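Colleague: I am new to this structure and would be grateful for a guided discussion. May we go through it by question and answer?

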Amino acid sequence: LRDTYGASVFDARLPYGPEFPEAIAHRKPLALYKPRGAGAKAVKAIAEEMLARIAGTYGASLENEGVAA
């Protein structure tokens with residue numbers, strides 16, 4: 001994906017883990033079901049990166065690669 005889309009691909013990664021289907025089975029958001037788990041930390045990292053991009057802190061690096069922020 002990074003070869004095709006460059007800086008548009010998030011740096012944070014979402015690993016597959018058993019806590020995702022477990023949280024669904026317990027009808028709880030992952031952040032409440034297992035807040036200190038790897039999945040919850042990854043979701044938080046993606047959310048923070050998305051908010052940073054929206055706020056424009058990634059804008060300069062995206063412009064350098066020819067991608068509109």
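**Charged residues and their surroundings**

Modeller: Let us begin with one lysine: K44 has a relative accessibility of 53% and therefore counts as exposed. Please bear in mind throughout that this is a predicted model.

Colleague: With which residue does K44 form a salt bridge?

Modeller: The closest N and O atoms of the pair are 3.9 Å apart, and a salt bridge requires a distance within 4 Å. The partner is four residues away from K44 in helix α4, so about one helical turn separates the two. The residue that forms the salt bridge with K44 is E48.

Colleague: Is E48 buried, partly exposed or exposed?

Modeller: Buried means under 20% relative accessible area and exposed means over 50%, with partly exposed in between. The relative accessibility of E48 is 46%, so E48 counts as partly exposed.

Colleague: How many helices does the chain have, and how many strands?

Modeller: From the N terminus on, the elements run α-α-α-α-α. The count is therefore five helices and zero strands.

Colleague: How many salt bridges does the structure hold?

Modeller: Side chains of opposite charge can pair when their charged atoms come close. The pair of K44 and E48 is one of the salt bridges, and the side chains of E49 and R53 meet in another, at 3.1 Å from N to O. R2 and D11 are also joined in this way, with 3.8 Å from N to O. The total for the structure is three.

Colleague: How exposed are R2 and D11?

Modeller: R2 has a relative accessibility of 36% and so counts as partly exposed. For D11 the relative accessibility is 47%, so that D11 also counts as partly exposed.

Colleague: Where do E49 and R53 lie?

Modeller: Their side chains meet in a salt bridge. The two residues are four positions apart, about one turn of the helix, and both lie in helix α4.

Colleague: Are E49 and R53 buried or exposed?

Modeller: The cut-off for buried is under 20% relative accessible area. E49 has a relative accessible area of 5% and so falls below that limit. R53, at 16% relative accessibility, therefore falls below that limit as well. Both residues are buried.

Colleague: Which backbone nitrogen lies 2.7 Å from a polar atom of the side chain of E49?

Modeller: E49 is found in helix α4, and its side chain also meets that of R53 in a salt bridge. The backbone nitrogen that lies 2.7 Å from a polar atom of the E49 side chain is that of D11.

Colleague: Which backbone oxygen does the side chain of R53 reach?

Modeller: R53 is found in helix α4, which covers residues 38–55. Its side chain comes to 3.0 Å from the oxygen in question, which belongs to the backbone of V9.

Colleague: Over the face of which residue does R53 lie?

Modeller: The two residues are 43 apart in sequence, yet their C-alpha atoms are 9.6 Å apart in space. R53 lies at 4.6 Å from the ring centre, and the ring belongs to F10.

Colleague: How many aromatic pairs does a search of the whole structure find?

Modeller: A pair of aromatic rings is described by the distance of the centres and the angle of the planes. R53 lies over the face of F10, but the search for aromatic pairs in the whole structure finds zero.

Colleague: Which residues does L14 contact, leaving aside its neighbours within four places in sequence?

Modeller: L14 lies in the loop between α1 (2–5) and α2, and at 48% relative accessibility it counts as partly exposed. The C-alpha atoms of L14 and A42 are 5.5 Å apart, although 28 residues separate the two in sequence. The contacts of L14 are F20, G39, A42, V43 and I46.

Colleague: Which residue other than glycine has a positive phi, near 55°?

Modeller: The residue is in the loop between α2 (19–25) and α3 (30–33). Its relative accessible area is 79%, so it is exposed. The residue with this positive phi is R27.

Colleague: Finally, what share of the residues of the chain counts as buried?

Modeller: The chain exposes about 5300 Å², of which carbon and sulfur atoms supply 59%. Of its 69 residues, the share that counts as buried is 23%.

Conventions: Residues numbered from 1 in each chain as written. Predicted model: local features only at pLDDT ≥ 70, side-chain atom pairs only at ≥ 80, totals over all residues. Heavy atoms only, no water. Buried < 20%, exposed > 50% of the residue type's maximum accessible area, 1.4 Å probe, protein only. Polar contact = N/O pair within 3.5 Å; in protein donor to acceptor, adjacent residues only side chain to side chain. Areas by Shrake-Rupley, 256 points an atom, 1.4 Å probe, with all protein chains shown as cover. Phe/Tyr/Trp six-rings, centres within 6.5 Å; stacked < 30°, edge-to-face > 60°. Lys NZ or Arg CZ within 6 Å of the ring centre and 35° of its normal. Contact = heavy atoms within 4.5 Å.
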